[in-house]
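Student: I would like to go through this model with you, beginning with the chain as a whole and then turning to its parts. Could you take the contacts along the sequence as the starting point?

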Amino acid sequence: MSSNSSVVVNNEKAQVSIRSVEKDSMASESNIEPSSSGKDSVDLKNNATLEKPTELPKLSSRATEKKADMSSFPSSNTSESNSVDSGCDLYNGKWFYDPQGPSYTNNTCPIITQMQNCQGNGRPDKEYENWRWKPSKCDLPRFDAKKFLELMRGKTLAFIGDSVARNQMESMLCLLWQASIYTLKLPVSWLNPLLHIEQFLGFEILEQWYVREWIVEVPQNRGNKRMQRWHFVSTSVMIVRLWSSWLVRETTEKIDFAPEGVTKLHLDAPDDKLMEFIPNFDVIVISSGHWFAKQSVYVLNNEIVGGQLWWPNGSPPMKVNNVDAFGISVGTILSSILTHPNYTGLTIVRSFSPDHYEGGAWNTGGSCTGKEKPLAIGELVENGFTNIMHEKQVSGFEHAVKKATSKSKLRLMDITEVFSYRHDGHPGPYRNSDPNKITKRGPDGKPPPQDCLHWCMPGPIDTWNELVLEIIRREFEGNRNSSS
């Protein structure tokens with residue numbers, strides 16, 4: 001599907017945006033196999049000051065974001081859902097210290113990617129695991145695995161995007177891994193061979209005769225590097241991770257003056273390998289953005305219009321930079337999903353995940369070493385690249401809303417501003433289990449190699465899935481109420 005969005009870059013502000021992309025580049029992707037290690041109890045000493053909530057100020061961009069989140073869609077079944085949503089803005093609130101700690105540990109979840117296993121990699125502090133998000137006008141409950149599996153019974157949820165999307169998918173699995181189910185154990189003398197055990201379920205009078213054994217359901221894993229599937233048999237819920245770096249069509253063949261081998265992004269066409277699976281999903285959590293800092297060539301209507309870290313001398317002036325290319329890609333993929341004739345599910349757009357490289361980019365000395373708690377009011381340093389990427393994403397979201405069909409459901413999960421305060425939640429130098437790794441600055445002040453893009457598990461990223469559950473609850477329970 002073609003996008004009518006074509007951005008011409010010919011001003012100084014746009015040129016500054018291009019330079020900022022090179023400065024705030026991304027950490028390298030990782031597909032290292034999971035690992036787990038020991039975890040100590042949380043030290044709550046001297047936390048009196050940490051228990052004070054960290055409340056976020058309202059930024060000028062919030063008006064636009066809220067408008068996008070609360071957009072009405074031409075659907076006959078959304079009125080009740082919108083009335084449910086209207087009571088509380090989930091993205092305006094505060095971080096508070098919760099001594100109860102996380103819902104899981106790196107010991108109780110076996111699928112954490114090594115790079116995100118911060119405790120297993122030797123990170124000495126743990127306070128970053130205890131901060132929780134509280135919307136100003138309502139509560140955001142802890143993730144309830146049983147509630148999620150019941151709401152999603154017989155359905156499939158797919159996380160689509162890059163390694164940060166994979167990070168969120170693994171967080172969801174870790175949270176769901178804590179859901180217990182029970183089996184029944186009865187004395188043989190009480191079992192009638194002609195009577196199925198299922199007939200005993202639900203009869204309280206029999207509780208004196210059987211024992212409930214609570215066990216943790218282990219999902220069945222199917223799939224490969226490109227697409228992973230985890231099946232929870234008890235509720236027939238499927239969690240899917242589908243890799244799509246840019247969300248639009250990617251090719252390497254020669255086009256005009258761009259030689260073979262260089263990645264070409266057709267900004268007006270969705271990722272073909274992604275679209276074939278869309279009808280199989282009931283809920284999609286889609287996200288992207290960080291790969292637009294990598295080398296690529298931008299194509300619109302089969303014409304080269306721009307590039308990132310690639311533009312030969314003597315070439316025509318660029319019309320589209322990487323930030324604008326991101327905005328166009330968002331509009332393209334969301335419009336394609338929302339107009340798909342066989343997709344009637346709920347699409348949740350997770351907004352741009354901020355990185356926290358200070359003093360440089362991921363490959364030029366950027367660092368988040370030593371960050372142990374959320375930023376306080378007044379400490380936040382605006383990241384121009386994060387802000388403009390968020391702005392372009394919201395613009396692409398609004399562009400897609402205008403094309404939504406009567407079967408479409410679209411929601412913006414706007415975490416960008418909220419998580420700008422969580423510079424403490426990244427692995428930093430604790431990216432692997434090497435006991436001899438460098439974790440502190442050298443005598444010359446140079447920081448060690450580190451990851452300030454992905455998120456520790458457990459950690460702040462688990463809040464994303466609490467938000468996902470709340471959005472699903474509002475949508476599904478709202479629709480039930482409207483049909484009753």
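Tutor: In the protein chain, residues 24 or more positions apart account for 81% of the contacts with a separation of 6 or more, where contact means heavy atoms within 4.5 Å. This is a predicted model, in which local features need pLDDT of at least 70 and side-chain atom pairs count only at pLDDT 80 or more, whereas totals for chains, interfaces and linings use all residues. Residues are numbered from 1 along each chain as its sequence is written, and side-chain values use heavy atoms, with hydrogens and water left out.

Student: What percentage of the residues of the protein chain count as buried?

Tutor: Buried means under 20% relative accessible area, with exposed over 50% and partly exposed in between, using a 1.4 Å probe and protein chains only. The chain has 484 residues, and the part of them that counts as buried is 55%.

Student: Which strands stand at the edges of the open sheet in the order 10-11-13-14?

Tutor: Helices (H or I, at least four residues) and strands (E, at least two) are DSSP runs numbered from the N terminus, and two strands pair if DSSP finds at least two bridges between them. Four strands form this open sheet, with mixed pairing. Each edge strand has a single partner, so one side of each is left without a neighbour in the sheet, and these are strand 10 (248-251) and strand 14 (303-308).

Student: Which residue stands opposite T251 in strand 11?

Tutor: Strand 10 and strand 11 (residues 264-270) pair in the antiparallel sense, over four bridges. Within strand 11, the residue opposite T251 is K264.

Student: Why is helix 7 described as largely enclosed by the rest of the structure?

Tutor: Helix 7 (residues 322-338) lies across strand 10, strand 11, strand 13 (296-300) and strand 14, and runs at about 35° to strand 11; such angles run from 0 to 180 degrees between N-to-C directions, with axes fitted to C-alpha atoms, for helices over the stretch in contact. Helix 7 is largely enclosed because its buried residues number 17 of the 17.

Student: Which strands are the edge strands of the sheet of seven strands?

Tutor: The seven strands form an open sheet in the order 7-8-9-4-12-15-16, and the pairing is mixed. Each edge strand pairs on one side only, and the two are strand 7 (220-223) and strand 16 (409-413).

Student: At about what angle does helix 8 run to strand 16?

Tutor: Strand 15 and strand 16 run parallel and are joined by five bridges, with V349 standing opposite L412 in strand 16. Helix 8 lies across both strands, and its angle to strand 16 is about 165°.

Student: Which residue caps the N-terminal end of helix 8?

Tutor: Helix 8 has 18 residues, and those that are buried include F385, I388 and M389. At its N-terminal end, a side-chain oxygen lies 3.0 Å from the backbone nitrogen of F385, and the residue that provides this oxygen is N383.

Student: With which side chain does the side chain of S353 make a polar contact?

Tutor: S353 is found in the loop between strand 15 (346-350) and helix 8 (384-401), and S353 is buried, with a relative accessible area of 0%. A polar contact is a pair of N or O atoms within 3.5 Å, where within protein one must be able to donate a hydrogen and the other to accept it, and residues adjacent in sequence count only if both atoms are side-chain atoms. Among the residues that S353 touches are H290 and W464, while its side-chain polar contact, at 3.1 Å, is with W455.

Key. The expected span of a helix is 1.5 Å times one less than its number of residues. Lists of a residue's contacts leave out its neighbours within four places in sequence.
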